[in-house]
Every structure is written in C-alpha cells, then in structure tokens.
Amino acid sequence: RGADGQQQLLPDSLRQLCRNAMQDTQVKISELQRSVAAALAAVRPGFDDEYLEPRTGYSLDLALPSSRIAIEVDGPSHFL
C-alpha cells in the first residue's frame, strides 16, 4: 500500500516511469472524443478534456473530478 493507503499494483519506480511518459506525451483530441464530450456536456456540463490526474499524473480523456468520474474514449477512430 502507498502513503495514501491505496493498493499499489506497480512498484514506485515503474509508476514514476508511467507518470513521466504520460506527461511527456503530445495530446491530440480525436473527433470521437469531441463527440463524446459534446454528448456528455448536453447531459451534464463540467467535464474536463484531457484532465491531468494529480495523484497519478495520468491524463484522462474526460473527467469530472468533483464527482470522481473519469472516462477514457477508445475505438478504432479514437487516434485518427
């Protein structure tokens, strides 16, 4: 368990490598992600695009931090 009491699946050294890789990655938002974001905004405004999660350093496609909701958009056209 880590300092925050959460179960840690990766050793600290690998977690740091993942965090660094995520932060160094150039972000390009796909049309699919834009469509999902627009649909979510129609139902519940306030989602952040490419939210950088402070505890892990991971970039989440869409997030509503106040409600602890994270959405990752996947699919064949997501990276086009």
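Reader: Which residue in β3 is the bridge partner of Leu62?

Author: In this predicted model, the residue that bridges to Leu62 from β3 is Ile71. The two strands concerned, β2 and β3, are paired in the antiparallel sense, and 3 bridges link them.

Reader: And how many strands form the sheet, and in what order?

Author: The open sheet is built from 3 strands with antiparallel pairing, and their order is β1-β2-β3. The edges are taken by β1, covering 48–52, and β3, covering 69–71, each of which pairs on one side only. On average, and with direction ignored, neighbouring strands of this sheet are turned by 50° against each other.

Reader: Which helix lies across those strands?

Author: That is helix α2, made of residues 31–43, which lies across β1, β2 and β3 and runs at about 10° to β2.

Reader: Which residues make up the largest nonpolar core?

Author: The largest nonpolar core consists of 5 residues, namely Ala37, Phe47, Leu62, Leu64 and Val73. Leu62, whose bridge partner in β3 is Ile71, is therefore one of the buried residues joined through side-chain atoms in this core.

Reader: What does Leu64 touch, leaving out residues up to four places away in sequence?

Author: With those residues left out, Leu64 touches Arg44, Pro45, Gly46, Phe47 and Ile69; of these, Phe47 is also listed with Leu64 in the largest nonpolar core.

Reader: Switching to Ser59, is it buried or exposed?

Author: Ser59 counts as buried, because its relative accessibility is 14% and the cut-off for buried is under 20%. Ser59 sits in strand β2, which spans residues 59–64, and its side chain makes a polar contact with the side chain of Glu50 at 2.7 Å.

Reader: What about the backbone of Glu50, where is its phi?

Author: Glu50, which is found in strand β1, has a phi near 50°, and that is a positive value in a residue other than glycine. Arg68 also has a positive phi, near 60°, and is likewise a residue other than glycine.

Reader: Where is Arg68 found, and is it buried or exposed?

Author: Arg68 is found in the loop between β2 and β3, and it is exposed, because its relative accessible area is 80% and the cut-off for exposed is over 50%.

Reader: Last thing, which elements have the lowest and the highest mean pLDDT?

Author: Among the elements of the chain, the lowest mean pLDDT, 77, belongs to helix α1 (residues 12–24), and the highest, 94, belongs to β3. Over the chain the average pLDDT is 82, with 80% of the residues scoring at least 70.

Notes: Residues numbered from 1 in each chain as written. Heavy atoms only, no water. Helix = DSSP H or I, 4+ residues; strand = E, 2+ residues; numbered from the N terminus. Buried < 20%, exposed > 50% of the residue type's maximum accessible area, 1.4 Å probe, protein only. Polar contact = N/O pair within 3.5 Å; in protein donor to acceptor, adjacent residues only side chain to side chain. Pairing = 2+ DSSP bridges. Axes fitted to C-alpha atoms, helices over the stretch in contact; angles between N-to-C directions. Contact = heavy atoms within 4.5 Å. Core = buried A, V, L, I, M, F, W, Y, C linked by side-chain atoms within 4.5 Å. pLDDT = per-residue confidence, 0-100.
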